[in-house]
Amino acid sequence: MTIGQEAVVFKTAMDRKIRATSLLNNKGKSHLPHCTYVEMGIKCTGKMIPKSKYCRKHILKDPKQILFRACNVLQSDNQCQEPIVNFDTKSTCVLHEKLPMLRD
C-alpha cells in the first residue's frame, strides 16, 4: 500500500471506532424527543411530555389527550389558553390564581 492508501484506511478505521464508542456510551441513556408541533415551517424544540407527541406548551393541540385543558379565564376580551392539569373545574393557571388578601 502507498502512504495515501494507508492514511485512508487508518481514517476509516478511526471513524468506525469513534462511532462504535459513541453508540456504547449512549446506550441506556434516555433521550426525550422533541415536540412535533410545527408553526409556519418552524418546528418546536420543546421536550415531549411522556406518552405524547407534544411539549407542555403545545399539549392542547393533541385532540386525543384528556389530562390538560386551557385555563379559559376571560380577561379584557381574551381567553387564556395556558395549559393546566385537568384536575378541577375551578383551577386556573398561575397567572390567574386568586391570592388571599393580606391583613395587617
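The sulfur of C55 lies 3.7 Å from the closest cysteine sulfur, that of C44, which is too far for a bond, given that a disulfide is counted where two cysteine sulfur atoms are within 2.5 Å. C93 is in a comparable position, because its sulfur is 3.7 Å from the closest cysteine sulfur, in C71, again too far for a bond. The structure accordingly holds zero disulfides. A disulfide, in general, is a covalent bond between the sulfur atoms of two cysteines.

This is a predicted model, in which local features need pLDDT of at least 70 and side-chain atom pairs count only at pLDDT 80 or more, while totals for chains, interfaces and linings use all residues. Residues are numbered from 1 along each chain as its sequence is written, and side-chain values use heavy atoms, with hydrogens and water left out.

**Burial of individual residues**

Burial is expressed as relative accessible area, with buried meaning under 20%, exposed over 50% and partly exposed in between (1.4 Å probe, protein chains only). The table gives the values for five residues that count as buried.

| Residue | Relative accessible area |
|---|---|
| C93 | 4% |
| C55 | 6% |
| H58 | 10% |
| S52 | 15% |
| M48 | 16% |

Across the protein chain, 19% of the 104 residues count as buried. The accessible surface of the chain, computed by the Shrake-Rupley method with a 1.4 Å probe, comes to about 9,600 Å², of which 60% belongs to carbon and sulfur atoms.

**Chain organisation**

The secondary structure comprises one helix and six strands, where helices (H or I, at least four residues) and strands (E, at least two) are DSSP runs numbered from the N terminus. Read from the N terminus, the elements follow the order α-β-β-β-β-β-β. With contact taken as heavy atoms within 4.5 Å, 5% of the contacts between residues at least 6 apart in sequence join residues at least 24 apart.

**The core and the loop between β2 and β3**

The largest nonpolar core is made up of seven residues, namely C35, Y37, C44, Y54, C55, I59 and F68; such a core is a set of buried Ala, Val, Leu, Ile, Met, Phe, Trp, Tyr and Cys residues joined through side-chain atoms within 4.5 Å. Both C44 and C55, the pair considered at the outset, therefore appear among the members of this core. Y37, when its neighbours within four places in sequence are left aside, is in contact with I42, K43, C44, Y54, H58 and K61.

H58 is found in the loop between β2 (42–43) and β3 (68–70), and, with neighbours within four places in sequence left aside, H58 is in contact with C35, Y37 and C44, each of which is listed in the core. The loop between β2 and β3 also holds S52, which touches I59 and D62 when residues up to four places away in sequence are not counted. M48 is likewise found in the loop between β2 and β3. The C-alpha atoms of M48 and I59, eleven residues apart along the chain, are separated by 8.9 Å.

**The salt bridge**

A search of the whole structure finds one salt bridge, defined as a side-chain nitrogen of Lys or Arg within 4 Å of a carboxyl oxygen of Asp or Glu. The side chains of K11 and D15 form it, with an N to O distance of 3.3 Å. Because K11 and D15 are four residues apart in helix α1 (residues 3–26), they are separated by about one helical turn. D15 is partly exposed, with a relative accessible area of 30%.
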